[in-house]
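This briefing covers selected local features of one protein chain. Topics run from sheet pairing to helix packing, then to single residues and peptide bonds.

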Amino acid sequence: MNEKMEDGNSIYAAGITEPADVIARVTERMLETRPRQHIRLRPYKDQFIRQQTPFGPYQADFTACWPDAPNDSIAYAAARFHADFEQEVILTANGSTKLWFNGKAYVGAQTFSIRMNPGWNDLLLQCAKDNERWGFDLLIGFPRYPGMWAKDYLFSTRPTFPQQGLLGEEGFAYIGPFSSKEGEKDSRDRLEAEALAGDFLLWEPQVLEQTNRRFVDFSELYGPDASCAYGTTFYEKRNDGSLLLNVEFEGDIKIWMDGQEVFRSTVNGKTQFEMNSLKSRGQVLIKCVRRNAGKWGFSAEITEHATGQRADGIPGLESRRGNDARWLYIGPFGKRDEKPEWMLERSFDVEAGIRFDQPYSTGEGECKTYWRLSSTGTFVRPYLDGFFFGQWFYAIQVGLYGLLQSAEVIGKADVVQYATDSMEVMAQYHDYALWDAARYGVPSLIPRAERLQELDPCGAIGVMFIETYERTGSETILPIIHRLADTVMRVVPRMEDGTFYRIDTMWADDFFMSCPFLVRMGRMTGETRYFDEVVQQAKGFHNRLWLPDKRLFAHIFFPMTGVNSSVPWGRGNGWILFALTELLLHLPDDHPGREWLLEMYRDLAVGIVSYQDHSGLWHQVLDESASYLETSCTAMFVFSLARGIRMGWLGKPFLEGVTKGWSALLQHCVDAQGNVYGVCLGSGCSMESSYYYDIPTHINDDHGTGIVLLAAAEMFLLAKHLK
């Protein structure tokens, strides 16, 4: 953190000063460090070492495994962590007596600063039982946020099993109990050495070898009351030869190939099909209905006719489980007492098409189900790795907004597609994520979408969903937009006059995290209540945070004491000025509150320009020159003031400050490779201005990179306007 740009390596020194060229260079670097990600299916085995909250620690209670183990017993856990790039992390392991990270031993302390290497990183952890507890809480966090699991912002990693047959699957391996007596030390030393060498043969969970023609007994998978289930796979021809589908079954059965029914039977048996389809890829679905008590189900495989090689598998499923991962199963459907012949004819949603982005209704009330493997307790879950694309976090959404707006200005359709696809994938898996959270406690993707109780996970995300909907018309987005709007209007806490707050505090940030979204809701729906709401909020924030002597806004208001912090944090004022331009851009010209908002914007603009540093940048605390010069607020001010000049809300006297600020960004904040420096990381709050001095900066932080792109886009438009 606090990275510094090399002297002489600014984008300005490289001769790249035209806004369109700056957009191209920063965008190129942004997408290089934040590549598009794809949904991956992975097996998931039910386990007791798991997270209880989306960003909390992974927790283990070994007493649940071995309740009769004596005091001083020892157990071990192990996991592998993948990192896309090298990163310092903070590892906290409460309850461990010793741990090894990438072979290095750590003893005694509970918190360690560790370097995560690109690729795979190995953890081995030892826990000794005492009278209080036997287990651990393990958390890997970004240094600025050591108490929050690194999952979607700045850095992302997950624990995965170290066993060869389970590589890539989320979870911890474990083994025990062992005696802590000195005489047993040699055996423990051998175990530790084997684990450090990658030998986990005897560790739990065990990986069972699967036969090539394993019968899948649905009574084992779904219990004695189940009556209907499905299996599916996909095939791929590698040459011009035909494929063979072999099925053995007990129970009533129906088979579809590429959506067309090709076989049905109401007696146990087996069948074989020669698949001569001209298609090189396709899909098979098998429905099986229980007819009698006992086992029911099928075994199936698709092979090349000429070679006998397997040709079935699940696209996008990452697994080391071999043939056991070639088919997926889903159920149970229907009622136990329903007649088999009726159940065979009854159509469930899965017959309409195989999808992995949603759970399926079982046809009985609100109950839903999802795909699994035939292995005991093993399901599949969709994952979206990485820390930017398809991630539900306000700073990321501001980054996407900058990408989207600047790409449209210079006509980069592929970048526009990247931004809208990032929102589309979240919309596509939104309902699944909520179901997944209810099923497993912590969703496998977009964890911040689960609990919408405050503004941070709503407003900026809502802006981008509306922007995406207006460009794509995707119907899957609309319900999410309305869910967000309902949360903001009816769930987020309010003061007596209706102003949003956080119970103990009210932040300048929240004006941006609410009103640009709400004004778009008004524009999209035509409902004037949203327009009225943003004006009401503007007055509420102004009443509590405005510092008339400074013509700036304080960052925080404290409801318990009724006072604000009097600290004009740079980005806090940037959020407000930015938000006001959004309101003025989208609020109807004839709305009665528009003139008041315009005056609020102009008053703040005057205050802002009066605190511009001689360098052209603005300070972290705007009225304290001892605080560091900060990039994100500078970019916000350049963007918001330039937009004001272009739209006629401000006069040309403001142009000097805008031009100076833009030049300063290029000289001091952006390097020739398109990296952005000097962006303050996410802030907490304080009554003391010195608190803001100590917040570190981070290269390419999304609180600033997208804003730099917005500033470049607005400078591009302003130049055209002034011609």
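Two strands are taken to pair if DSSP finds at least two bridges between them. On that basis, 4 strands of this predicted model form an open sheet in the order β14-β21-β16-β19, with antiparallel pairing. The edge strands, each pairing on one side only, are β14 (216-217) and β19 (269-275).

**Sheet pairing**

- Strand β16 (residues 243-250) and strand β21 (residues 297-304) run antiparallel and are joined by 8 bridges.
- Within this pairing, L243 stands opposite E304 in β21.

**Helix α13 and its surroundings**

- Helix α13 spans residues 594-610, which is 17 residues.
- From its first C-alpha to its last, α13 reaches 25 Å, close to the 24 Å expected at 1.5 Å a residue.
- The buried residues of α13 include R594, L597, L598, M600 and Y601, and also L604, A605, G607 and I608.
- Helices that help cover these buried residues include α11 (528-545), α12 (570-586) and α14 (631-647).
- Strands β28 (546-547), β29 (552-553) and β32 (618-619) are also among the elements covering them.

**Packing of α13 on α14**

- The axes of α13 and α14 come within 11 Å and cross at roughly 130 degrees.
- That angle makes α13 oblique to α14, because angles over 145 degrees count as roughly antiparallel and 65 to 115 as roughly perpendicular.
- The crossing of the two helices is left-handed.
- On the α13 side the contact is made by Y601, A605, I608 and V609, and on the α14 side by F637, S640, L641 and G644.
- Of the α13 contact residues, Y601, A605 and I608 are buried.

**Packing of α1 on α5**

- Helix α1 (residues 19-33) packs against helix α5 (residues 394-410) at an angle of about 135 degrees, and their axes are 10 Å apart.
- The two helices are therefore oblique to each other.
- α1 passes α5 in a left-handed crossing.
- A20, I23, A24, T27, M30 and L31 are the α1 residues that meet α5; their partners there are G399, L403, S406 and I410.

**H482 and its contacts**

- H482 lies in helix α8, which covers residues 478-490.
- H482 has a relative accessible area of 40%, so it is partly exposed, falling between the 20% and 50% cut-offs.
- Outside its neighbours within four places in sequence, H482 is in contact with M521, M524 and T525.
- H482 and M521 are 39 residues apart in sequence, and their C-alpha atoms are 8.8 Å apart in space.

**Cis peptide bonds**

- E204 and P205 are joined by a cis peptide bond with omega of about -5 degrees.
- P205 sits in the loop between α2 (185-196) and β14.
- A cis peptide bond also joins G331 and P332, with omega of about -10 degrees.
- P332 is in the loop between β23 (328-330) and α4 (340-345).

**Positive phi outside glycine**

- L154, a residue other than glycine, has a positive phi, near 75 degrees.
- The loop between β11 (145-149) and β12 (159-160) holds L154.
- The relative accessibility of L154 is 7%, so L154 counts as buried.
- D258, a residue other than glycine, has a positive phi near 50 degrees.
- D258 lies in the loop between β17 (252-257) and β18 (260-265).
- The relative accessibility of D258 is 25%, so D258 counts as partly exposed.

Notes:
Residues are numbered from 1 along each chain as its sequence is written. This is a predicted model: local features need pLDDT of at least 70, side-chain atom pairs count only at pLDDT 80 or more; totals for chains, interfaces and linings use all residues. Side-chain values use heavy atoms; hydrogens and water are left out. Buried means under 20% relative accessible area, exposed over 50%, partly exposed in between (1.4 Å probe, protein chains only). Contact means heavy atoms within 4.5 Å. The expected span of a helix is 1.5 Å times one less than its number of residues. Axes are lines fitted to C-alpha atoms, for helices over the stretch in contact, and angles run from 0 to 180 degrees between N-to-C directions. Angles under 35 degrees count as roughly parallel, over 145 as roughly antiparallel, 65 to 115 as roughly perpendicular and the rest as oblique. A crossing is left-handed if the near helix is turned anticlockwise from the far one by less than a right angle, and right-handed if clockwise.
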